[in-house]
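Reader: Could we go through the inside of this protein together? I would like to begin with its empty spaces.

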Amino acid sequence: MRKLLTISAALLFGASVLCAQEYSPYNPAGRWYVSVQGGPMYQSNENAFSYRYNHLGTKLITYNAGLSVGYNFDEIYGVRATVEYGLNRSACNTVQTASHGFYPYDFKSISAFADLVIDINGLNAIERAFSPKIYGGIGYGRSFGFSKPEGYGTERNHTWQAEEKFHPWQHIKETNNAFAFRFGAILEYDFTSGLGLFLDCSLEAYTDWFNGMEPPVSDDPGAGRGTGIAGFPFDLRTPVQLGVLFRF
């Protein structure tokens with residue numbers, strides 16, 4: 001009986017040692033995670049230059065926040081689904097408008113993305129707490145809640161007509177659906193408990209109706225002024241987000 005107990009104890013001990021050798025809290029393979037993230041966001045839509053020309057370039061920095069669910073197939077590849085909410089800013093034509101006024105507007109958005117995530121540690125067969133990643137994905141954005149900001153911008157001298165809410169002659173569509181894609185990088189630090197902290201930086205591109213307008217190339221108020229010109233096929237956002245995740 002004593003011999004049997006001794007053999008059983010040795011087998012249990014050996015199995016526990018083997019499991020301890022095989023398991024690593026920093027290996028994400030076969031594990032799910034959830035995360036919340038948020039932070040500042042810079043955007044460049046049509047006529048973005050008009051904010052800077054009116055010394056209001058910082059108004060193009062707003063906020064974005066999201067919730068994600070992800071899964072790692074192995075040490076290298078994973079997928080992630082994210083839903084985001086953000087405040088956005090754009091502006092109507094200023095150069096070709098008779099008054100050369102400043103016509104900014106705000107709008108809100110909900111976005112959803114499906115990303116392929118690549119773990120740089122996995123590519124190099126490294127298991128450690130610090131984990132850099134890169135990702136790319138496709139998605140969908142819905143913009144709504146268009147409004148004129150208070151405290152800045154050019155007002156007209158008479159009552160706004162419905163079709164002239166934001167500009168003397170340029171029409172803004174106030175509910176829009178847009179295809180989107182993005183690329184980004186993540187710097188993540190994981191704890192053995194499954195908790196992790198990360199910094200997520202990305203460039204998101206939405207088809208042109210995302211900000212409510214799709215002006216032709218001939219309507220080019222930003223020519224020679226850098227980003228945000230009419231005729232460019234995408235509206236751009238650059239979120240920089242801090243986040244917390246839990247892996248299980």
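Author: The second largest cavity holds about 70 Å³ of space. A cavity here is a set of points, on a 1 Å grid over the protein atoms alone, where a 1.4 Å probe fits but cannot get out. The volume is the space filled by probe spheres set on the points, which are joined across faces, edges and corners. This is a predicted model, in which local features need pLDDT of at least 70 and side-chain atom pairs count only at pLDDT 80 or more, while totals for chains, interfaces and linings use all residues. Residues are numbered from 1 along each chain as its sequence is written, and side-chain values use heavy atoms, with hydrogens and water left out.

Reader: Which residues are the closest to the centre of that second largest cavity?

Author: They are Pro104, Lys148, Tyr152, Gly153 and Thr154, out of eleven lining residues; a lining residue has an atom within 4 Å of a point. By class, this lining has seven nonpolar, two polar and two charged residues. Asp, Glu, Lys and Arg count as charged; Ala, Val, Leu, Ile, Met, Phe, Trp, Tyr, Cys and Pro as nonpolar; and the others, Gly among them, as polar.

Reader: And how much space lies in the largest cavity?

Author: About 120 Å³. Its lining includes Tyr33, Lys133, Glu188 and Phe198. Strands E1 (32-44), E3 (77-91), E6 (176-190) and E8 (234-247) each give two or more residues to that lining; strands are DSSP runs of at least two residues, numbered from the N terminus.

Reader: New topic: how many residues has the largest nonpolar core?

Author: It has 13 residues, and Phe146 and Tyr206 are among those with the most contacts inside it. Such a core is a set of buried Ala, Val, Leu, Ile, Met, Phe, Trp, Tyr and Cys residues joined through side-chain atoms within 4.5 Å, where buried means under 20% relative accessible area (1.4 Å probe, protein chains only). Strand E4 (104-119) gives two or more residues to this core, as does E6, and E4 gives the most, with three.

Reader: Which residues does a second core include?

Author: Ala48, Tyr51, Phe102 and Tyr152 are included in that separate core of six residues.

Reader: Lastly, where does Leu197 lie?

Author: Leu197 is in strand E7 (residues 195-207). Leu197 is partly exposed, at 42% relative accessible area, because that class runs between buried and exposed, the latter being over 50%. Gly243 is 46 residues from Leu197 in sequence, yet their C-alpha atoms are 5.8 Å apart.

How values were computed
Helices (H or I, at least four residues) and strands (E, at least two) are DSSP runs, numbered from the N terminus. On a 1 Å grid over the protein atoms alone, a cavity is a set of points where a 1.4 Å probe fits but cannot get out, and a pocket is an open set with protein on both sides within 12 Å along at least five of seven lines; lining residues have an atom within 4 Å of a point.
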